[in-house]
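Good morning, and thank you for coming. Please look at the structure on the screen while I walk through a few parts of it.

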Amino acid sequence: MNFIYINQNILDNLFYILVSILIYYILLDHGKRLSQYGKTLITACMSIPIILCMKFPIYIDEYCVHDLRQIPFIIGTLYGGWPVGAALLVIILTFRFAFYGFNLLTLIVYIVIFIITALFSSKFKNFNRKNKLNSSILLILFLGILTSSISLVMSDYFQITEAYVFYFIILPPFIIALAVYIMEILKDAILIRTQMIRLEKMEVVSQLAASISHEVRNPLTVVKGFVQLLKAHDLTQDVKEQYIEHVVRELNSAESIISEYLAFAKPAIEKVDPISINREIGYVLEMIKPLASMNLVTISEQLTPGITRGNVQHFKQCFLNLIKNGIEAMPDGGELSIVSYVNNFDIIIEISDNGIGMNKEQINRFGEPYYSSKEKGTGLGSMVAVKTIQTMNGTLHITSLLNKGTTISVTLPVYQEGYSAKQ
């Protein structure tokens, strides 16, 4: 066999590993259902670079063909534990023997790697980022030296050359450090974003709670007054029934306000249902009217019936954020208008205020996390709104003039049972 002694595939091996890590976190972040099968997902994502690394190896010399398959194998075992490691061991040995034939030394080497890495994985998961980096480097360095020693003892043909030392002993610690660092960065980014979105929602919930407490106090005050009047002994039966009707009506009003608040505050269930635009926005308006009253903002609405499809809780969160932004854009009070209408296969919802307005930079950066024109804003409310609209295959357009006001136009596809105009 005429070997070509080149190492150009080393960058290819590295590419396979890094891309597989990115794919893993993309699926973990966006595929909510896939996140329930984390071990299966990491097994699938790490098996791909293992196979590709063996298919496109690094030629060291005529008797030694090497690749970086051990790195995704070790990463998968460290992050997934022994079940993932066992699955990857079967995959790595199956394809190794399919490509190059059975070899007892290979079998022993990878069993040793699996046992040591699996035993270490439980401690590895509890480390912080710095310790994970250091321990992964020391682990792969130790495994490289150990497996090389085993190979020297068991094989008469195995030789340790300068190229072997570089590719098998020196290079892997740098690559696994890079891989672990990227995995930790991506994991932290997903975690931080999730936590910040929850904090943004809790901020909205706390503001609504303050305003709703005022709104609930009014019907309770009325109820208290009528209950005191019912104590009178000279009341006729008709008057008592009228008082009781007033009490029931005011209690129903308070119950409705509290129910909407609790429905919004509870965690959203990840499911997609038909959404009645006028009904759900109506619920949001009833929930936010106390906050509008506190800010001297009057709300006018003209909602046309229309059905779209999405997550109801996320839909409410989206428009609550947009309407709340409009209210906060009018610190001295004003008028907020919400209009919806159907245009062919689209439902258009327009939210207009006559507040401070936005400049071009603010319009262009609307929806960016951590960017906000408000002094204490995080920008995550608008980010959640934009993300929700995109998930529902919709679009958001902003027109604004400084000190004149802002109009946010949201376009969503019309949904009919058995047929959706935009799929």
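**A strand residue, its sheet, and a helix pair**

Let me begin with E301, which is partly exposed, its relative accessible area being 41%. This residue has its place in strand β4. Please bear in mind throughout that we are looking at a predicted model.

Which residues does E301 touch, leaving aside those up to four places away in sequence? They are L285, K289 and I338. As for distances, the C-alpha atom of E301 is separated by 8.5 Å from that of L336, although the two residues are 35 residues apart along the chain.

Let us now turn to the sheet to which this strand belongs. The sheet is open and is formed by 5 strands, in the order β4-β6-β7-β9-β8, with mixed pairing. Its edge strands are β4, residues 297-303, and β8, residues 395-401, each of which pairs on one side only. On average, neighbouring strands of the sheet are turned by 15° against each other, direction ignored. As a general reminder, strands of a sheet pair through backbone hydrogen bonds, either parallel or antiparallel.

In which sense do β4 and β6 pair? The pairing of β4 with β6, residues 334-343, is parallel and extends over 7 bridges. One bridge involves T298, whose partner in β6 is E335.

Two helices also pack on this sheet. Helix α8, residues 277-294, touches β4, β6, β7 and β9, and its direction makes about 175° with that of β4. Helix α9, residues 312-328, touches β4, β6, β7, β8 and β9, and its direction makes about 30° with that of β7.

I move next to a pair of helices elsewhere in the chain. Helix α4 spans residues 104-124 and helix α5 spans residues 129-154; they pack at an angle of about 155°, with their axes 10 Å apart. Angles over 145 degrees count as roughly antiparallel, and α4 and α5 are therefore roughly antiparallel to each other. Their crossing is right-handed. The residues making the contact include L105, I108 and F124 of α4, and K132, L139 and M154 of α5. By class, this contact has 14 nonpolar, 5 polar and 1 charged residues.

Finally, consider S20 in helix α1, residues 9-30. Is S20 buried or exposed? S20 is buried, because its relative accessible area is 6% and buried means under 20%. Leaving aside residues up to four places away in sequence, S20 touches C45, M46, I48 and P49.

Note on methods
Residues numbered from 1 in each chain as written. Predicted model: local features only at pLDDT ≥ 70, side-chain atom pairs only at ≥ 80, totals over all residues. Heavy atoms only, no water. Axes fitted to C-alpha atoms, helices over the stretch in contact; angles between N-to-C directions. Helix = DSSP H or I, 4+ residues; strand = E, 2+ residues; numbered from the N terminus. Parallel < 35°, antiparallel > 145°, perpendicular 65-115°, else oblique. Left-handed = near helix turned anticlockwise from the far one by under 90°. Contact = heavy atoms within 4.5 Å. Nonpolar A, V, L, I, M, F, W, Y, C, P; charged D, E, K, R; others polar. Pairing = 2+ DSSP bridges. Buried < 20%, exposed > 50% of the residue type's maximum accessible area, 1.4 Å probe, protein only.
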